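Grab a pencil and have the structure ready to turn around. Here are a few exercises, each with a worked solution.

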Amino acid sequence: MLKYLSSFKSIVVIGLICLIPVVFSYGLSLKTLHASAWQMIQIKGETSFHLIQTMRLWNAGHGGVYALVTVQTPVNPYLNVPEREIETPSGKTLTVVNPAYMTRQLGERLKDTQVEIHLTSLKPLNPNNQPDSWEREALSSFEQGEQKRMILSNGVYRYMQPLKVEPACMECHQSQGYQVGDIRGGLSISFPSDDINELLAGLRAEIIWAHQIAYVLLLLIALLVQVLIHKLATKLQYAKSRQDELNTLASTDELTQLANRRHLLASFFERYQTVETQNLPFSVLMIDIDYFKMVNDRYGHQMGDQVLKRFANELMKNLRDHDLSGRYGGEEFMVALNANIALASTVAERIRQAAEEISFYAEEAFTISVSIGIAERRFNQPKGPEDLIRMSDEALYQAKARGRNRFCVATQNGSVIIND
Ligand SMILES: Nc1nc2c(ncn2[C@@H]2O[C@H](COP(=O)(O)OP(=O)(O)OP(=O)(O)O)[C@@H](O)[C@H]2O)c(=O)[nH]1
């Protein structure tokens with residue numbers, strides 16, 4: 001499998017790409033976890049507050065309740081109500097426990113459970129009910145309309161809500177000018193963060209674990225996809241190169257490696273359309289190796305093949321990339337140029353000279369020559385591409401007839417201009 005993964009670098013890149021969604025999801029999960037934790041704290045605080053507040057209202061609804069005066073429940077010196085203490089017929093002293101006193105007592109009891117409740121106010125009657133700095137700030141904001149406050153401080157979650165005057169409170173506090181709905185203070189509840197932190201740590205560990213597994217799975221899938229893509233790309237590349245090979249084979253002459261007749265003519269007809277539309281000069285050079293049969297007869301067919309190959313090679317050297325060329329048949333070659341008669345004649349002469357300069361050796365040294373016929377579209381005004389080829393072929397015939405190793409140009413009336 002590894003051979004399909006192009007490089008170590010690509011594996012690293014895939015690894016990093018897979019990391020992006022996993023890290024994103026991990027961050028999102030942690031954010032949701034912390035939001036849920038704060039919601040839990042809020043529910044815990046709200047529930048506790050609601051329970052205490054219900055007890056306080058029960059107490060207020062009874063106008064306070066009497067309890068036996070003991071060391072734990074002394075007479076409340078800050079409570080100024082008639083019959084604050086009463087004697088039972090058996091001689092026991094009872095004292096009024098109002099909601100505030102009851103809340104303080106509940107707070108004392110809860111201390112063992114590490115939960116603390118603190119009744120406080122910005123103007124407390126009892127100096128023990130002074131707010132700390134966080135409570136003071138919360139109380140001030142309650143007066144501005146805030147409904148609750150939470151904080152995690154020194155390993156303790158704190159929750160606070162304002163205490164509003166309820167109709168049940170009015171029986172005792174009407175004389176003090178209290179109004180229903182007034183904020184007279186607040187109740188802060190503190191509970192240790194350990195249990196929630198423990199729960200969070202457990203959930204966090206599970207999230208990490210799940211994301212590690214997700215990352216490994218994602219990485220494996222991505223690597224598998226990469227392998228499949230690589231395999232597919234290799235197959236496509238192979239198919240394409242095979243197709244290119246077949247196209248080249250289908251369009252190339254095996255011996256000379258020039259375009260074969262079919263491909264040459266197809267390109268020629270296409271180019272003819274373009275030059276005709278744009279009315280550009282366009283010349284055809286029909287080239288034939290002179291006395292080629294003699295080469296075959298004297299030096300053998302293989303030598304003949306060598307001659308064709310080397311001439312084709314020289315021909316290519318004397319043409320530009322844009323020029324069309326190919327093997328028209330046997331020892332005949334065709335060239336098409338975007339050139340007028342003058343330029344086409346220069347090229348023909350260059351080719352003629354180049355052919356002359358090739359030296360061959362069989363049993364003896366020998367050279368070859370070529371004859372060339374030229375026809376030009378604007379000059380000869382053919383009826384079409386086939387007609388232009390016919391005209392160049394006729395000029396070639398004339399070049400042969402006039403002694404070979406020369407080029408002839410077709411004229412409009414069919415006769416030829418000869419370069420002597
Ligand atoms: N070696 C070899 N010979 C070929 C090939 N194709 C055609 N020929 C030969 O080329 C020769 C062409 O001879 P001719 O048509 O008589 O022309 P020529 O001998 O060149 O005479 P002119 O054209 O009149 O100068 C024939 O003998 C063909 O067999 C080829 O691919 N290889």
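**Exercise 1.** Which atom lies 3.2 Å from an N or O atom in the side chain of Glu331?

*Solution.* Keep in mind that you're looking at a predicted model. Start at Glu331 and go to the N or O atoms of its side chain: an oxygen atom of the ligand is 3.2 Å from one of them. A polar contact needs a pair of N or O atoms within 3.5 Å, so this pair counts.

**Exercise 2.** Find backbone atoms that pair up with the ligand, then work out how much of the ligand gets covered.

*Solution.* Step one: go to Ile289, where a backbone N or O atom sits 3.1 Å from an oxygen atom of the ligand. Step two: move to His301, which has a polar backbone atom 3.1 Å from a nitrogen atom of the ligand. Step three: check the cover. On its own the ligand exposes 660 Å², and the protein buries 66% of that.

**Exercise 3.** Describe the shell around the ligand.

*Solution.* First, the elements: strand E8 (283-289), helix H7 (292-299) and helix H8 (301-317) each give two or more residues to the shell. H8 gives the most, with four residues. Next, the residues that come nearest: out of 16 around the ligand, these are Phe292, Lys293, Asn296, Asp305 and Arg327. Finally, sort the shell by class, and you get eight charged, four polar and four nonpolar residues.

**Exercise 4.** Which residues make a nonpolar surface patch of about 480 Å²?

*Solution.* Pick out Phe8, Val12, Leu16, Leu19 and Val23, which make the patch. Then place Val23: this residue lies in helix H1, residues 8-61.

How values were computed. Residues are numbered from 1 along each chain as its sequence is written. This is a predicted model: local features need pLDDT of at least 70, side-chain atom pairs count only at pLDDT 80 or more; totals for chains, interfaces and linings use all residues. Side-chain values use heavy atoms; hydrogens and water are left out. A residue is near a molecule or strand if one of its heavy atoms lies within 4 Å of it. A polar contact is a pair of N or O atoms within 3.5 Å; within protein, one must be able to donate a hydrogen and the other to accept it, and residues adjacent in sequence count only if both atoms are side-chain atoms. Accessible areas come from the Shrake-Rupley method with a 1.4 Å probe; for residues, only the protein chains shown count as cover. Ala, Val, Leu, Ile, Met, Phe, Trp, Tyr, Cys and Pro count as nonpolar, Asp, Glu, Lys and Arg as charged, and the others, Gly among them, as polar. Patches are made of residues with over 30% relative accessible area and no salt bridge: like charges are joined within 9 Å, nonpolar side chains (Val, Leu, Ile, Met, Phe, Trp, Tyr) within 5 Å. A salt bridge is a side-chain nitrogen of Lys or Arg within 4 Å of a carboxyl oxygen of Asp or Glu.
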